[in-house]
Amino acid sequence: LKGRLVVPGESSYESARRVFYWNPKTERRPIAVVQCGHEEDAVRAVEFARAHAQEVSVRSGGHSHLAWGSSNGRVIDLSPLKQITIDPARRIVRAQAGVFGGEVARAAGAHGLVPVLGQCPGVGATGVTLGGGLGWLSGLFGACCDNLLSARLVTADARTVDVNSESDPDLFWAMRG
């Protein structure tokens with residue numbers, strides 16, 4: 001791994017396993033948290049979990065009242081993946097899965113752009129986009145998911161695929177809700 005593997009007993013385990021909204025009814029104790037340092041770490045984590053029949057959850061921002069970003073199996077934590085690239089001429093942002101909405105807004109603002117994201121700057125941009133995402137600009141430009149052009153994802157069989165409306169229209173439609 002280029003990132004870190006955190007297991008029970010380590011000093012950072014308690015903070016690594018927790019989601020933003022702690023709820024005793026949804027509290028989980030993962031057997032491992034993979035804090036990805038590169039997208040390849042997510043592929044390896046899926047491969048390992050699949051080979052060992054482990055439950056998997058994926059987290060980027062960790063803002064889930066239902067603790068979807070945690071499990072009693074393996075947690076794949078994408079929050080360390082923070083790269084943002086902006087093409088101001090085409091008005092396109094490429095952001096890795098761990099980027100928060102506020103981070104996208106600051107980076108876009110440097111180019112005179114405003115992203116169509118949710119209202120809370122501390123929420124993961126990936127989660128809010130794939131969850132639909134309503135924000136201050138939704139009335140003018142639609143929901144976050146309406147503005148998604150493409151995505152790179154890791155499938156359940158540990159393949160990395162780039163998805164857009166032409167390469168895999170059904171999966172792209174499903175991702176956008």
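## A starting point: contacts

Two residues are in contact when heavy atoms of theirs lie within 4.5 Å. With that in hand, welcome to this structure, which is a predicted model.

Let us try the term on Pro-121, which sits in the loop between H3 and H4. Setting aside residues up to four places away in sequence, Pro-121 touches Phe-100, Gly-101 and Gly-102. Gly-101 and Gly-102 belong to helix H3, where they are among its buried residues. Pro-121 itself is exposed, since its relative accessible area is 52%, and the cut-off for exposed is over 50%. From Pro-121 to Val-163 the separation is 42 residues in sequence and 26 Å in space, taken from C-alpha to C-alpha.

## The open sheet

In which order do the four strands of the open sheet stand? The order is S1-S2-S4-S3, and the pairing is mixed. Strand S1 (4–6) and strand S3 (56–59) are at the edges; each has a single partner strand, so one side of each has no neighbour in the sheet. On average, neighbouring strands here are turned by 20° against each other, with direction ignored.

Two of the pairings can be followed in detail. Strand S2 (residues 32–35) and strand S4 (residues 74–77) run parallel and are joined by four bridges, and Val-34 has Ile-76 of S4 as its bridge partner. On the S3 side, S3 and S4 also pair in the parallel sense, over four bridges. There Val-56 finds its bridge partner in Arg-74 of S4.

## A helix on the sheet and an alternating edge

Back at the S2–S4 pair, Val-34 and Ile-76 are bridge partners. Helix H2 (residues 39–51) packs on this sheet and touches S2, S3 and S4, its direction making about 170° with that of S4.

As a general point, side chains in a regular strand alternate between the two faces of the sheet. How do the side chains along S3 point? They alternate: Ser-57 and Arg-59 point to one face and are buried, whereas Val-56 and Val-58 point to the other face and are not buried.

## Nonpolar cores

The largest nonpolar core has 11 residues, including Val-34, Cys-36, Ile-76, Leu-78, Leu-81, Ala-97 and Ala-158. Helix H2 gives the most to this core, with four residues. Ile-76 makes a good viewpoint for exploring it. Not counting residues up to four places away in sequence, Ile-76 touches Val-34, Cys-36, Ala-42, Ala-45, Val-46, Val-56, Ser-57, Val-58 and Arg-59. Apart from this core lies another, of seven residues, among them Leu-148, Ala-151, Leu-153 and Val-163.

## Helices H3 and H4

Helix H3 (residues 101–109) has Gly-101, Gly-102, Val-104 and Ala-108 as its buried residues. Seen down the axis of H3, these residues fall within an arc of 160°, so they line one face of the helix. What do the buried residues of H3 pack against? Their partners are strand S5 (84–87), strand S6 (92–95) and helix H4 (125–130).

Within H4 we find Thr-129, which is buried with a relative accessible area of 13%. A polar atom of the Thr-129 side chain lies 2.7 Å from the backbone oxygen of Ala-125. Leaving aside neighbours within four places in sequence, Thr-129 is in contact with Leu-117, Cys-144, Cys-145 and Leu-148. Leu-148 is also one of the residues of the seven-residue core.

## Loop residues to look at

Two alanines have a positive phi. Ala-53, in the loop between H2 and S3, has a phi of about 50° although it is not a glycine. Is Ala-53 buried or exposed? Ala-53 is exposed, at a relative accessible area of 75%. Ala-158 lies in the loop between strand S7 (150–154) and strand S8 (160–164), and its phi is near 65°. At 12% relative accessibility Ala-158 counts as buried, and Ala-158 is part of the largest nonpolar core.

One more loop residue is Thr-26, found between helix H1 (13–17) and S2. Thr-26 is buried, with a relative accessible area of 13%. Beyond its neighbours within four places in sequence, Thr-26 is in contact with His-65, Leu-66 and Ala-67.

Note on methods:
Residues are numbered from 1 along each chain as its sequence is written. This is a predicted model: local features need pLDDT of at least 70, side-chain atom pairs count only at pLDDT 80 or more; totals for chains, interfaces and linings use all residues. Side-chain values use heavy atoms; hydrogens and water are left out. Two strands pair if DSSP finds at least two bridges between them. Axes are lines fitted to C-alpha atoms, for helices over the stretch in contact, and angles run from 0 to 180 degrees between N-to-C directions. Buried means under 20% relative accessible area, exposed over 50%, partly exposed in between (1.4 Å probe, protein chains only). The arc is that of the directions from the helix axis to the C-beta atoms. A polar contact is a pair of N or O atoms within 3.5 Å; within protein, one must be able to donate a hydrogen and the other to accept it, and residues adjacent in sequence count only if both atoms are side-chain atoms. A nonpolar core is a set of buried Ala, Val, Leu, Ile, Met, Phe, Trp, Tyr and Cys residues joined through side-chain atoms within 4.5 Å.
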